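Please open the model in your viewer and keep the sequence panel beside it, since each stop on this tour asks you to select something and then look around it.

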Amino acid sequence: MSLLLKNISLPLADFVLEVEAEMRGRVTVVFGPSGAGKTSLLDLVAGLRRAKSAFIQLNDRVLTDKGKNISVPVQQRAIGYVPQDLALFPHLSVRQNLLYGRKAESNGEAISFERVAGVLEIESLVDRSVTKLSGGEKQRVALARALLASPRLLLLDEPLASLDAPLKAKIIPYLGRIRDEFKVPMIFVTHDRAEAMTLADEMVVLVAGKVMQAGRVADVFSRPANAEVAKYVGMETLQPGRVTSVNEGLATVEAGSVTLTAMALESPSRDVFVCIRGEDVILQRETGAGSSVRNRLAARIVSLRQEGALVRVELDAGFPLFALVTRPAATELALREGDPITGMIKTSAIHLVPR
Amino acid sequence: MTAEEWQIVWFTAWVSALSTLLILPFGLALAWALARRDWPGKSIVETLVSLPLVMPPVATGLILLKVFGRRGGIGGFLHDHFNFDVVFTWRAVVVALSVMSFPMLVLFARVAFEEVNPRLEQIARTLGASPLRVFFTITMPLAARGIIAGMILAIARALGEFGATIMVAGNIPGKTTTLSLSIFQNVELGEDSHAFRLLGISVVLAFVAVWSSQFLLRRKRKLP
């Protein structure tokens with residue numbers, strides 16, 4: 001999949017949405033605070049809004065080229081869209097909703113009704129009225145309806161925002177299944193870090209209508225392009241790991257070449273992301289004994305970068321670990337690239353996110 | 001009830017229904033355009049459409065008389081090319097009722113369209129539906145109650161129309177006499193018992209129309 005967005009300019013209430021981006025991931029997350037223009041961007045891709053200038057190309061098909069006055073009508077774009085409020089048709093049954101976008105001619109490539117209903121576990125709902133569905137059921141029906149139109153790209157606007165935490169945890173695997181079973185590329189708007197990490201492989205950070213950073217999810221989280229991105233992503237270290245055992249609420253996690261202790265997850269996922277905020281990493285020159293900190297990692301300083309009053313320290317601790325310390329602290333410790341140092345992280349400061 | 005009274009009631013009922021059916025396509029198209037689109041001159045058209053509600057009906061009738069008369073623009077054209085006369089025939093009654101009930105239909109249909117969440121229409125398009133299919137499968141069904149309520153009130157408005165009708169259609173017994181014209185005429189002639197029977201029928205028709213439209217609009221509000 002390749003979605004090319006060039007020269008996008010759309011004036012919104014408080015700022016102009018200006019985007020240059022190429023999205024190539026199976027799942028790309030558009031990440032940013034509320035009001036950053038994320039929904040407007042999806043509307044542009046779907047063709048529901050017109051920009052002042054825009055060039056949008058999906059794979060080898062130009063969808064919008066304002067300069068040449070090209071704009072493929074919404075219904076011919078084959079782009080599925082699940083909006084935040086889901087937009088289920090209240091006057092139609094679940095089945096009629098699901099079949100609304102079904103093409104009359106069923107070619108071999110089309111996604112079959114039975115398969116979608118099976119994967120999203122909605123077989124028992126099809127004869128109900130959409131007004132009698134629970135939040136999670138509505139979500140799955142909306143996803144199925146979009147999939148059944150056999151889209152080339154699926155746009156999801158904060159698909160989990162309206163759900164409470166337990167329901168969210170139930171829906172996330174369905175999104176993973178859509179990604180893996182139907183191979184429909186997805187662009188997914190969210191302001192939730194955990195959702196981004198769990199589902200996406202690429203990420204575009206949008207703040208006040210501008211793309212602040214784009215790249216692999218792990219890279220954006222661990223190497224924010226600037227302080228503003230860092231503020232919104234708020235998580236400096238993101239390292240794939242594996243839970244090897246869980247004991248009394250504590251998980252033993254292998255990450256890179258080291259073993260960490262973290263608070264166990266409620267879900268039984270073994271494959272996780274180990275997330276550590278830079279300010280939660282304590283640097284110590286000597287490996288002094290006698291501290292409550294469970295995780296002590298022998299590390300080497302890879303690089304130092306000033307960020308305002310803070311210094312961002314990249315460490316090699318068996319995996320890339322990022323620490324944020326104040327400038328006076330950095331001076332006092334005389335931190336230099338190549339120095340050995342101990343990185344300490346409290347158990348409660350290591351967040352595990354299923355992947 | 002005499003045979004003549006029944007004839008008047010039937011005539012009034014069917015010209016009212018016919019005029020509402022005739023304005024339905026135009027009324028819906030205009031209501032939709034007012035609810036969903038911005039265009040230059042929109043506020044002027046909005047005002048023009050509402051004029052028959054507030055102008056003296058007799059004045060509206062006079063305008064229609066001039067336009068549809070043999071020397072008027074439309075009337076002259078119809079007479080010269082099709083030998084088709086409008087004024088002082090039952091057709092003039094239909095014209096008067098159509099013009100007078102048009103604002104009612106447009107006002108209600110417009111609100112009904114505005115209450116349909118545009119997101120539903122947009123998402124229907126992303127599912128591959130053409131704008132026309134979206135209109136008939138999403139917009140119309142969801143706006144149906146409001147539109148039907150508007151139609152009932154438009155018919156009710158037509159049933160009671162007096163001023164414009166008498167100007168453009170006159171009061172020709174058996175040809176253009178409607179309920180209201182007949183009540184007026186009977187009172188003038190001192191035939192109060194006739195007038196009261198027709199009055200009773202008017203009250204019943206008006207009550208049923210308003211009550212059923214309120215029922216429809218109330219039911220709509222309860223939907224999620």
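Which residues does A:Val274 touch, not counting residues up to four places away in sequence? Bear in mind, before selecting anything, that this is a predicted model. Select A:Val274 and then display A:Gln239, A:Gly241, A:Val253, A:Ala255, A:Leu260, A:Ala262, A:Ile350 and A:Leu352, which are the residues that A:Val274 touches once those up to four places away in sequence are left out.

**The core around this residue**

Keep A:Val274 selected and add A:Ala144, A:Leu155, A:Val205, A:Leu321, B:Ala96 and B:Val168, because these seven together touch the most other members of the largest nonpolar core, which has 166 residues. Now colour helix α5 of chain B, residues 90–114, which gives the most to this core, with 17 residues.

**Chain A as a whole**

Next, select chain A and show it as a cartoon, where you can follow 9 helices and 21 strands. The radius of gyration of chain A is 23 Å, close to the 20 Å that the globule rule gives for 355 residues, so chain A is as compact as a globular protein of that length. If you switch to the C-alpha trace and turn it along its principal axes, chain A spans about 70 × 50 × 35 Å. Of its 355 residues, 43% count as buried. Among the contacts in chain A between residues at least 6 apart in sequence, 67% join residues at least 24 apart.

**Where the chains meet**

Now show both chains and select the contact between them, to which chain B brings 16 residues and chain A brings 19 residues. On the side of chain B that touches chain A, α6 (118–126) and α7 (131–159) each supply at least two residues, and α6(B) gives the most, with 7 residues. Colouring that side of chain B by residue class will show 10 nonpolar, 4 polar and 2 charged residues.

**A last stop in chain B**

Finally, select helix α1 of chain B, residues 3–36, and within it pick out B:Ala31. Is B:Ala31 buried or exposed? B:Ala31 has 25 C-beta neighbours inside 10 Å, and therefore counts as buried. Leaving aside neighbours within four places in sequence, B:Ala31 is in contact with B:Val106, B:Ala109, B:Arg110 and B:Phe113. To end, draw a distance from B:Ala31 to B:Glu114, which are 83 residues apart in sequence but 9.2 Å apart in space, C-alpha to C-alpha.

Notes:
Residues are numbered from 1 along each chain as its sequence is written. Chains are lettered from A and ligands numbered from 1 in the order in which they are written. This is a predicted model: local features need pLDDT of at least 70, side-chain atom pairs count only at pLDDT 80 or more; totals for chains, interfaces and linings use all residues. Two residues are in contact if their C-beta atoms, placed from the backbone, lie within 7 Å. Helices (H or I, at least four residues) and strands (E, at least two) are DSSP runs, numbered from the N terminus. Ala, Val, Leu, Ile, Met, Phe, Trp, Tyr, Cys and Pro count as nonpolar, Asp, Glu, Lys and Arg as charged, and the others, Gly among them, as polar. The radius of gyration is taken over C-alpha atoms; the globule rule is 2.2 Å times the number of residues to the power 0.38. A residue is buried if 20 or more other C-beta atoms lie within 10 Å of its own, exposed if 12 or fewer, and partly exposed in between; C-beta atoms are placed from the backbone.
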